[in-house]
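Here are a few exercises to try with the model open beside you. Have a go at each task before reading its worked solution.

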Amino acid sequence: MRVVVAHENLDFDALGSMVLAGKLFPGSLLALVGGLEGPLKDLAPLLEDRLDLVPASEVPLDRVSELILVDNARPERIGPFRALVGRVPCQVFDHHPPAPGDVPAVGGRVAPVGAAVSLLVPLLRERGLGLTPLEATLAYAGLWEDTGGFSFPSTTPMDLEAAWELARMGAEIPRVREWVRPHLGEEARAVLRALLRTAQVVEREGFRLLLARAKEEGYVPALAPLAHTLLDLHEADGVLLVLRLGREVLLIARSKARLDVGRWLSQVGGGGHPRAAFARVRGVRHAVRHLLESLPRYLDPEPTLREVMTAPVETLAPTTVGEALRLLEERGYGAMPVALPLEGGGVRLLGLARRRDLKKAERLGLAHHPVEGFLARAVVLPPETPLSRMEPYLKEGGGRVLVGEPLGEGYRLLGIFTRTDLYRKAPLGEKPVGERILEALPEGARRVLLALKEAFPQGVYLVGGAVRDALLGRSGPDLDLVLEPGVRVGEVARFLAERFGGSYGLHYGFGTGRVRLSFGLVVDLAESREEVYPYPGALPQVRPAPIAKDLERRDYTVNAMALSLAAWELLDPYGGLRDLEARLLRPLHPLSFVEDPSRIVRGARLAARLAFRFAEEALKALPPALLPEVLKTASQSRLRDELLLTLEEDTFHQALSLLQELSALQALYGLRLPPAEPFGRLRPSPEEPQAERLLLEARLLLLLYFQEAPLERAQALGIPKRLQEALGLLLRAARGEEVEREALGREPLRGAFLALFPEKEAWLREKRRVLMGRDLLSLGMRPGPQVGEVLRRVAEARARGEVKTFEEELALARKLVGDGTLSPPR
């Protein structure tokens with residue numbers, strides 16, 4: 001079974017993320033570790049009625065096949081499920097930054113956003129999944145709580161987009177405010193009063209830290225919101241609360257900017273993200289003293305005027321009021337310095353010509369007077385002045401200061417800074433693409449790549465879907481690696497299995513291998529090669545080649561990118577990054593589909609999963625690839641495999657619909673698009689050990705059921721015999737013919753049957769007793785071949801509909817035994 005878990009003492013973000021993960025992974029069990037936090041306790045009765053939360057103690061660990069962690073990546077916070085880390089695949093959706101000791105995830109998404117909910121909402125949108133109003137409201141409450149009503153510095157555009165989507169799905173925003181607003185009890189108010197009495201501001205390198213202490217016996221809920229209350233009251237940049245509650249001491253830290261409190265508190269065993277962190281400590285005096293002493297080392301360099309000023313600065317020569325006003329309006333400036341040039345490139349400042357002053361002078365009829373009589377005082381500051389010291393100078397300079405260096409009797413002007421620049425972020429250099437890919441990968445995948453870089457300095461590349469999905473902020477449980485000539489698949493496979501535990505298999509004839517690591521990650525290895533197609537649709541002939549040739553054989557530009565582990569550089573010879581940003585699927589060359597028509601199916605599957613669209617070149621290349629003479633030589637096994645891979649996707653119906661729109665579904669498979677409704681009634685059972693395979697087979701049965709000649713289509717597609725037999729039973733049941741209830745009750749036929757006839761579920765659950773060997777022994781028969789012969793005769797009569805109840809079967813058995821019609825044993 002698949003289990004979704006967050007952390008102890010759920011808050012709104014954790015619970016909302018669990019609910020969304022349950023939607024993304026149908027059939028998952030939502031496990032509750034510990035209790036509910038703060039206001040959630042008051043909502044517990046409502047939640048128990050509407051959400052199926054199972055205590056972690058009631059989940060049998062030996063039946064858990066996969067873990068989905070949300071709002072958390074720390075194994076020590078998931079209770080008994082910690083025992084499964086490294087033994088079953090884990091996916092992580094978390095907005096806290098990666099840290100040593102995180103769960104070795106094989107999939108999910110970790111990104112610095114305001115709330116974990118924001119990482120899951122886009123995936124719901126891509127898959128076309130909806131939420132009930134309660135589910136949307138819970139998720140919105142998580143967003144609201146973790147972003148402080150979208151006011152905390154950690155809030156990102158992604159959080160706002162998620163809020164819009166949740167509101168569209170029915171989130172009751174007024175109710176969110178009512179739920180999340182902290183309701184301070186008398187104990188919490190007493191703590192707040194104590195914090196206010198002890199609060200003091202400690203300044204380090206321009207950073208104002210509010211330090212406050214309180215002591216209370218027992219546990220007091222809803223303490224974290226007090227940190228933000230104190231921040232607002234004291235206009236500080238950060239806050240550290242020291243709370244002695246009974247025998248334990250809690251440290252709660254919050255920061256608006258510059259200080260990464262998660263890293264800061266990690267010194268004393270705490271953790272969190274850059275703007276919010278928490279720690280439990282012993283030796284509180286030593287811990288607090290150490291934190292204050294180390295504070296400067298954890299501060300980002302304070303921005304200076306040089307980094308944010310507008311440069312170069314234009315000046316006005318002495319002129320009339322009217323002319324100065326015209327120049328200001330022409331350039332769109334609110335003010336300009338008036339200056340005389342000096343030797344050496346400096347200027348002597350006369351003052352600041354402000355548009356509002358000049359307009360007033362013009363209204364008074366003074367447009368022809370010299371502008372020097374109407375200038376404001378110009379404040380000049382050196383370029384290394386910290387921004388934290390700007391406020392008094394801006395007041396003095398009327399909202400503007402000039403940035404310059406003394407030069408002789410004047411200044412060398414470098415720029416100008418206005419009050420509005422305080423709210424403009426200094427531009428940050430974008431990280432290299434390779435570094436972005438590495439950071440976007442799950443923790444387990446990142447560890448594997450770093451280990452490979454160390455062991456194999458050259459010739460190893462991350463390719464295909466793993467690169468594409470990392471750039472899209474997605475990830476899966478597989479890594480595809482290509483090894484250039486000189487790096488052996490066997491050596492890499494053995495290294496990974498020894499380093500991380502697991503098993504591997506090699507295919508020497510194909511130069512490929514697959515490694516299954518102990519924590520669930522699958523690493524596919526292949527020697528780099530080029531492919532030659534002897535005729536359209538044929539299986540390719542391959543031979544070793546450099547990485548450039550290997551990328552040349554790919555299907556779409558977005559899949560023809562590779563990350564070099566040697567230098568973390570992206571190889572993108574076909575413009576895949578550009579097409580990725582435009583969400584386009586573009587084949588590498590005009591004959592790509594003719595060479596391999598199965599690429600059309602892969603494209604439809606990607607388009608449905610990632611909300612991409614086919615580029616114009618792809619649409620033009622489709623008709624030749626669908627010609628009968630091309631498809632006659634196409635690999636049928638490859639086409640069948642692509643169809644089955646498509647049916648494994650949650651968005652398979654959208655993919656089939658796209659194939660139909662492209663006239664490819666009929667041409668490639670002789671299929672027509674089935675209705676979507678019955679497929680939506682298929683429900684995978686988390687109790688089934690092979691639930692995903694059974695779901696795929698049930699979808700396949702339904703797809704074939706809706707065709708004009710289902711059995712002929714099944715044979716043409718090469719569907720396994722047992723599934724053809726199951727399809728025959730499904731067709732007989734649909735025609736109203738008598739079919740054994742026991743046969744219909746076996747998966748995957750059961751799922752397909754109930755998807756078509758949901759009203760039959762109660763009938764299918766009924767237990768019908770059939771004649772068994774022990775019943776014949778109770779009639780006085782002796783063990784032997786005659787017992788089997790009676791059972792065979794009764795079963796034939798049951799299949800013909802001659803006996804319909806257990807009593808009728810027993811009567812027939814008595815007759816067969818009593819009248820001597822049984823053949824004597826030989």
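**Exercise 1.** Work out how many nonpolar, polar and charged residues the lining of the largest cavity has.

*Solution.* Step one is the residue list of this predicted model: the largest cavity is lined by Ala73, Val92, Asp94, His96, Pro97, Pro98, Asp102, Val103, Ala105, Val110, Glu443 and Arg446. Here a cavity is a set of points on a 1 Å grid over the protein atoms alone where a 1.4 Å probe fits but cannot get out, and lining residues have an atom within 4 Å of a point. Strand E5 (90-94) and helix H16 (443-455) are the elements that give two or more residues to this lining; both kinds of element are DSSP runs, helices (H or I) of at least four residues and strands (E) of at least two, numbered from the N terminus.

Step two is sorting by class. Ala, Val, Leu, Ile, Met, Phe, Trp, Tyr, Cys and Pro count as nonpolar, Asp, Glu, Lys and Arg as charged, and the others, Gly among them, as polar. The result is 7 nonpolar, 1 polar and 4 charged residues.

Step three is volume, the space filled by probe spheres set on grid points joined across faces, edges and corners. The largest cavity holds about 60 Å³, and the structure has 3 cavities of 30 Å³ or more.

Two notes on the model: residues are numbered from 1 along each chain as its sequence is written. Local features need pLDDT of at least 70 and side-chain atom pairs count only at pLDDT 80 or more, while totals for chains, interfaces and linings use all residues, and side-chain values use heavy atoms, with hydrogens and water left out.

**Exercise 2.** Find which strands stand at the edges of the open sheet of 6 strands.

*Solution.* Begin with the order, E3-E2-E1-E4-E5-E6, with parallel pairing; two strands pair if DSSP finds at least two bridges between them. Next, look for strands with a single partner: E3 (53-55) and E6 (107-110) are at the edges, so one side of each lacks a neighbour in the sheet. Then check one pair: E1 (residues 2-5) and E4 (residues 66-70) run parallel, joined by 4 bridges, and Val3 stands opposite Leu67 in E4.

**Exercise 3.** Decide whether helix H22 is mostly covered or mostly exposed.

*Solution.* First locate H22 at residues 598-610. Then count: 12 of its 13 residues are buried (under 20% relative accessible area, 1.4 Å probe, protein chains only), including Arg599, Arg602 and Arg605. H22 is thus mostly covered. Finally, step past its end to Ala611, where phi is positive, near 60 degrees.

Terms used. On a 1 Å grid over the protein atoms alone, a cavity is a set of points where a 1.4 Å probe fits but cannot get out, and a pocket is an open set with protein on both sides within 12 Å along at least five of seven lines; lining residues have an atom within 4 Å of a point. The expected span of a helix is 1.5 Å times one less than its number of residues. Buried means under 20% relative accessible area, exposed over 50%, partly exposed in between (1.4 Å probe, protein chains only).
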